[in-house]
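I opened my notebook to look this chain up step by step, beginning with a term that I needed before anything else.

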Amino acid sequence: VSAAWLAKNAKQVVIVDVSKPKGYAKGHIPGAVNIPKGKFFSGKAGTIKGLIPTPAQISQLFSNAGISNDSTVVFVSHVKASKKYTDMTRGFWTAWIYGMKKIAILDGGIEAWTASGNKLTTAPTMAKKGNFMVNKFLVSNIKSLVDIKSALINKNVQLVDAREEKHFVGKDKDKRLVRHGHIPGAKKVSSYYFTKKDGKLFKMVTPAEVKAIFKKAGVSLSKPIIAYCNTGHLATGTWFAGKFLAGAKNIADFDGSMYQYSRTTLPIAK
């Protein structure tokens, strides 16, 4: 949604600012509640951390933020770099997985809000407790290591890497990873491809541009797609653009991403 739309509808929606607490305290959209993006990585599976929250975790998290199952929620964050919109899409993806439909992100982020002449506040929002309860889990939008193993054999499933070039070719020094490089057969469709500079703002590209980006990478929007990154964060940006801007019918995020994959003995390409 645009900053103009949010300004007009702010009192009818729950605005969720995914900034870190210090950033939220420095200034946020009036009425916005704070759910730091780290909260959307609170799930664990054995030694693998940083996964999607459990149903119990997300029910409590959203309810404490004033969210109910019928709420309209807009996720917002600062977007001071091309890929930072993914802070919003991680929250959006989590909500979508758990059955929420009336959700959105703020195009251009908080910078677009202030550029439109709207003010920020430092007064924290005291949310009235909601009653959100998980009653759905859209499993088709989230993939596990088992699905990746299958994709290595099933060439009908397309793997897309949402990271930067240095990670894709294994020249990074990311300490979160045990091994470096990309999953064999993956095409690079970086999350930062999906915003463009509009003055001082970073806005989402058009649906036609999203389709062109996937086509250029050799990825068909009509075939199954699994996006991944290092932690399942940046991949939600590629998932969001593919699903909601380009209309991909079968696209998902590998939640464990390279953090999990690099800890296996499965092949890695550079």
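I call a residue buried when its relative accessible area is under 20%, exposed when this is over 50%, and partly exposed in between, with a 1.4 Å probe and protein chains only as the basis. Helices (H or I, at least four residues) and strands (E, at least two) are DSSP runs numbered from the N terminus.

I noted that this is a predicted model, in which local features need pLDDT of at least 70 and side-chain atom pairs count only at pLDDT 80 or more, while totals for chains, interfaces and linings use all residues. Residues are numbered from 1 along each chain as its sequence is written, and side-chain values use heavy atoms, with hydrogens and water left out.

**Entry 1: the whole chain.** I found 10 helices and 13 strands in the protein chain. I then looked up the radius of gyration, which is taken over C-alpha atoms and compared with a globule rule of 2.2 Å times the number of residues to the power 0.38. The chain has 18 Å, which agrees with a compact globule, because one of 270 residues would have a value near 18 Å. Along the principal axes, the C-alpha atoms fill a box of roughly 50 × 40 × 35 Å, and 54% of the 270 residues are buried.

**Entry 2: helix α3.** Which residues of α3 (residues 55-64) are buried? I listed Ile58, Ser59, Leu61, Phe62 and Ser63. I also noted the general rule that an α-helix has 3.6 residues a turn, so residues three or four places apart point the same way. Among the elements covering the buried residues of α3, by contact (heavy atoms within 4.5 Å), are β5 (73-76) and α4 (86-97). After α3 comes Gly66, whose phi is positive, near 90 degrees.

**Entry 3: the sheet.** I traced an open sheet of 5 strands with parallel pairing, in the order β7-β13-β12-β8-β9; two strands count as paired if DSSP finds at least two bridges between them. Its edge strands, β7 (142-143) and β9 (187-188), each pair on one side only.

At one edge, β7 pairs with β13 over 2 bridges, and Lys143 stands opposite Phe254 in β13. Is strand β13 (residues 251-254) covered on one face or on both faces? Both are covered, since Ile251 and Asp253 on one side and Ala252 and Phe254 on the other are all buried. Strand β12 (residues 225-228) runs parallel to β13 and is joined to it by 3 bridges, with Ile226 opposite Ala252. At the other edge, 2 bridges join β8 (residues 158-161) to β9, where Lys187 is the bridge partner of Val160.
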